[in-house]
Amino acid sequence: MLTLSAVCKRYPTGDLALTDIDLALPRGQVMALIGPSGAGKSTLIRCVNRLVEPTTGSIRLNDTEITRLSSGKLREARRTMAMIFQEYALVDRLTVMENVLSGRLGYVGFWRSFLRRYPQETVTEAFRLLERVGLAHALDKRADALSGGQRQRVGIARALLQSPKLLLVDEPTASLDPKTSRQIMRLIRELCAERELAAIINIHDVALARQFADRIVGLRAGEIVFDGKPGELTSEILTTIYGEEDWDTQATEDERYAPPSAQPLAPLARTGQLAPGLTAGGIR
Ligand SMILES: Nc1ncnc2c1ncn2[C@@H]1O[C@H](COP(=O)(O)OP(=O)(O)OP(=O)(O)O)[C@@H](O)[C@H]1O
């Protein structure tokens, strides 16, 4: 569904953020993107919808070559790639419902949205989504009266109102406590399954990535150094991605904090591997 071929990004400052990224994301797959600070995770997510222009390479979403679109066509294509942000990006003075409805801005045109005249079916769908994310009781509340977890639920409902094919999710839990983080990741996962939506989730929390993603991609210094299932992410591979650390102690701590109701991990596959050309403990 989404295909990145030989994508590179060099910022005008000279920083090489991505080198030769090849990735194919099928429909319905939830992919976590992990890696140390500065590895290029945000750049990769933003290249997909061209908030950051890739320097070279090609990005296709189904039949659309995103990297070749003019600005008008890109605006249309962006409707199909909804973003969910770390800081929620809500308008504080607007209500929950108004924030969700703003997900349709790309469809209804400036004046209609300015006058807050959304078609009835859009309002009905927004209400349905607010029910689904557990916020039907709060639709008239101002966004700044909500907790962090509730704000992220609004962000998720707004993204889904866009009727996207792909979710681009940037650190969705970075500002949330551990329990709320799990609830939010579980919600994203369930919604992706319900709608066969693919998602790329940039996430620092490896335990959450393991628990809720179908697939994990590890970036280091702008290169993919691991691509596999959560169960294949060994201590050795974590060291390759992040550098030396006592990962076994870390894993024990993660288990200790996991709630009893935590969903089981995806079944382990035997094919887990470092990226081609990568040796354990080093990068290609
Ligand atoms: N606007 C920019 N201009 C110049 N260089 C940038 C810009 N944005 C990012 N970079 C550089 O690109 C590289 C990758 O940054 P990026 O923010 O994509 O990494 P990240 O993995 O998302 O990091 P973090 O986890 O800290 O958010 C870094 O070297 C960073 O300094």
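Two residues count as in contact here if their C-beta atoms, placed from the backbone, lie within 7 Å. With that in hand, here's a quick tour of a predicted model: a helix pair, a ligand shell and an open sheet of 6 strands.

**Helix 6 against helix 7**
- E125, A126, L129 and L130 are what helix 6 brings to the contact, and they meet A157, L160 and L161 of helix 7.
- Sorted by class, that contact comes out as 6 nonpolar residues, 1 charged and no polar ones.
- Helix 6 covers residues 120-132 and helix 7 covers residues 148-161; they pack at an angle of about 140°, and their axes are 9 Å apart.
- That angle is why helix 6 counts as oblique to helix 7.
- As for handedness, the two helices make a right-handed crossing.

**Around the ligand**
- The shell is made up of Y11, T13, D15, A17, G35, S37, G38, A39, G40, K41, S42 and T43.
- Its biggest contributor is helix 1 (residues 41-48), which puts in 3 residues.
- Polar residues number 7 in this shell, alongside 3 nonpolar and 2 charged.

**The sheet**
- The strands run in the order 6-7-8-3-9-10, with mixed pairing.
- Strand 6 (81-84) and strand 10 (223-228) sit at the edges, each pairing on one side only.
- On average, neighbouring strands are turned by 20° against each other, direction ignored.
- Strand 7 (residues 166-170) pairs with strand 8 (residues 198-202) in the parallel sense, over 5 bridges, and V169 stands opposite I201 of strand 8.
- Helix 10 (residues 235-242) packs on the sheet and touches strand 3 (30-34), strand 9 (215-220) and strand 10; its direction makes about 160° with that of strand 10.

Note on methods:
Residues are numbered from 1 along each chain as its sequence is written. This is a predicted model: local features need pLDDT of at least 70, side-chain atom pairs count only at pLDDT 80 or more; totals for chains, interfaces and linings use all residues. Axes are lines fitted to C-alpha atoms, for helices over the stretch in contact, and angles run from 0 to 180 degrees between N-to-C directions. Helices (H or I, at least four residues) and strands (E, at least two) are DSSP runs, numbered from the N terminus. Angles under 35 degrees count as roughly parallel, over 145 as roughly antiparallel, 65 to 115 as roughly perpendicular and the rest as oblique. A crossing is left-handed if the near helix is turned anticlockwise from the far one by less than a right angle, and right-handed if clockwise. Ala, Val, Leu, Ile, Met, Phe, Trp, Tyr, Cys and Pro count as nonpolar, Asp, Glu, Lys and Arg as charged, and the others, Gly among them, as polar. A residue is near a molecule or strand if its C-beta atom, placed from the backbone, lies within 6 Å of it. Two strands pair if DSSP finds at least two bridges between them.
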